[in-house]
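Colleague: I have a few questions about the wording used for this one. Could we go through it together?

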Amino acid sequence: MVSVTSSRLVRNREARRATLALERPGVAWAVPGLLFFAVFALAPMAGVVYLSLTSWDGLSAPQFTGLHNWSRFLSDGQMWQSTLVTAVLLVGNIAVQAPISILLGVWSAGHQRNRAVLSAIFFLPLLLSTAATAVMWRQLLDPNFGVPAELAGLLGSANLLGSQGGAVACLVLVTSWQFIPFHTLLYQGAARTVPETLYQAAAIDGAGRARQFFHITLPQLRNTIVTSTTFMLVGGLTTFDIVLLLTNGGPGTDTSILPFTMYQTAFRTYDYGYASVIASFLLLLATGASFVMVKLSGYDKMTSTLEGM
Amino acid sequence: MRSRPNYLAGIATFGWLLIIGVPLYALVNTAVQPQTTYTDRGPVSLPSAVTFDNFVTVVRSGFVGYLWNTALVAAATVAIVLLLAVPISYAVVRGHGWLTRGVFRLFLLGLAIPAQAVIIPLFLIINRLGFYDSLWGIILPTAAFSMPVSVLVISGGMRNISVSLYEAMALDGARPARILLDLVIPLSRSSIATASIFAALQAWNGFLFPLIMTQSDSTKVVTLGLYNFVSEYGANIPALLAAVLMSAVPILLVYLFARRALVAGLMGAGGK
């Protein structure tokens, strides 16, 4: 008897699940968006790898040349220099932005009135587009009319953009000025979710402000640190507008980072095949970086356990 | 307990206030100076003669048209993204089987595709489709590259809807389309808003797509307008900075009237 009722129960449940399953939206719902994304993002991705194997001036049909462009890329001293400058900029940007935005984010997570007012001011650089920020800083850093002209004695030279070190430092300064507010917001949001009881317990144990920061706040922000750093990494690999508008790759080719070199190669010298090699290399770097971040943060696991609920 | 004033933090934030505030002050101050006083006194001075002539110069150069183009691009981008990303997210969250899981993974990976890296084939595709030098040439790629974040954000919001609500509607005989319209969209409003703000900011901030896909004055957007200003008005720095200031006016209005939504949108784009 027992087995009969339980099998009926099972059948009932199966029937119910079947009717519910029928009502689920099918993959067809995703098709229009997938097609759109395939045409404008996935197909170009395959396209750039194909074009990297060709010689193409943009007018005649691309000529298949195999790995020729790639071997040229590997033996091109300018490319090694570009890669090095890109890496230096990436490291510099993260080293400056990450600590400042963590501290500012944690600070602005407090609910004091003065913190709210100052946070509203600290947000302002985000209102300017990247192009606007770069144009503004280009004028402020002008050796004749800008701020350095008045501080020449202090800085040694008024022409900050005239040396490689100075130009790289300026790029880091301008990038940080624009993007720290965004990363601060991420950390502010995350710091507010840290349970207050953790701090209360630590205070009872006699932990001071610094200890609380290093032993509670930082570990609790781990996921946000991963997310925010990846944003800096992938964003930094493709920073193009700031370089174009601030240094134009100069002095000489001293700040010609990979995305900038790619743009020049493709749309200034019309060597699309060779530019596609640089583009594929960028694609590889960015995909690698984001793969590492997905693994580190467990983003993929988190979503797959929730799927189909 | 936590109310002891933090002097160190106070000094540090004052320093940061200077770093943020001085350039912004110089921006506004320069934009309202006549060119002659600017060359005499530099960007960081007390304003002596305030003028709005620089803004007149900027408006006369057709800048309002660029702002309008940017607004059109942003609106169309948001419309396309929502029209496509909402059904995808719905299928990802409510559908089942390896196919829908695959769709989600695909967009997760799509997050890593830098627009910069695929610009050459994209240029070719836009040309073939006949969209070169039209606003569509900016809108379509911008929308495509806003899709991954939008799908992640919107499907994240939809996951928070309780399963029993779906079951109740399904038992009432509602079809998936009805469930989407009556239940899912109203309950995931805030994540849809986040995705919209993100897409709009992408369009607003976009520089590379306009640079590559358009060339004439009638299709120029604000960011590109600023770029061309540098070569055209290079010597007239106050006018240039007036243009920079004007380019921020639309988003400043959003900030003043919908600060909460804007901040939440930016925070949400970081993913949780």
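Modeller: Gladly! Let's begin with B:D133, which is partly exposed, with 15 other C-beta atoms within 10 Å. The model is predicted, so to speak by its record: local features need pLDDT of at least 70, side-chain atom pairs count only at pLDDT 80 or more, and totals for chains, interfaces and linings use all residues. Residues are numbered from 1 along each chain as its sequence is written, while chains are lettered from A and ligands numbered from 1 in the order in which they are written.

Colleague: What makes B:D133 partly exposed?

Modeller: Buried takes 20 or more other C-beta atoms within 10 Å, exposed 12 or fewer, and partly exposed is in between, with C-beta atoms placed from the backbone. B:D133 has 15, so partly exposed is the right class.

Colleague: And why is A:N248 called partly exposed?

Modeller: A:N248 has 14 C-beta neighbours inside 10 Å, so the class is again partly exposed. A:N248 also has a positive phi of about 50°, although it is not a glycine.

Colleague: What makes a positive phi worth a remark?

Modeller: Most residues other than glycine have a negative phi. For B:D133, phi is near 60°, a positive value.

Colleague: How do you know that residues of chain A are in contact with chain B?

Modeller: Contact is defined by C-beta atoms, placed from the backbone, that lie within 7 Å. By that rule, 78 residues of chain A are in contact with 78 residues of chain B. Helix α2 (residues 31-51) of chain A gives the largest share of chain A's side, 13 residues.

How values were computed: Contact = placed C-beta atoms within 7 Å. Helix = DSSP H or I, 4+ residues; strand = E, 2+ residues; numbered from the N terminus.
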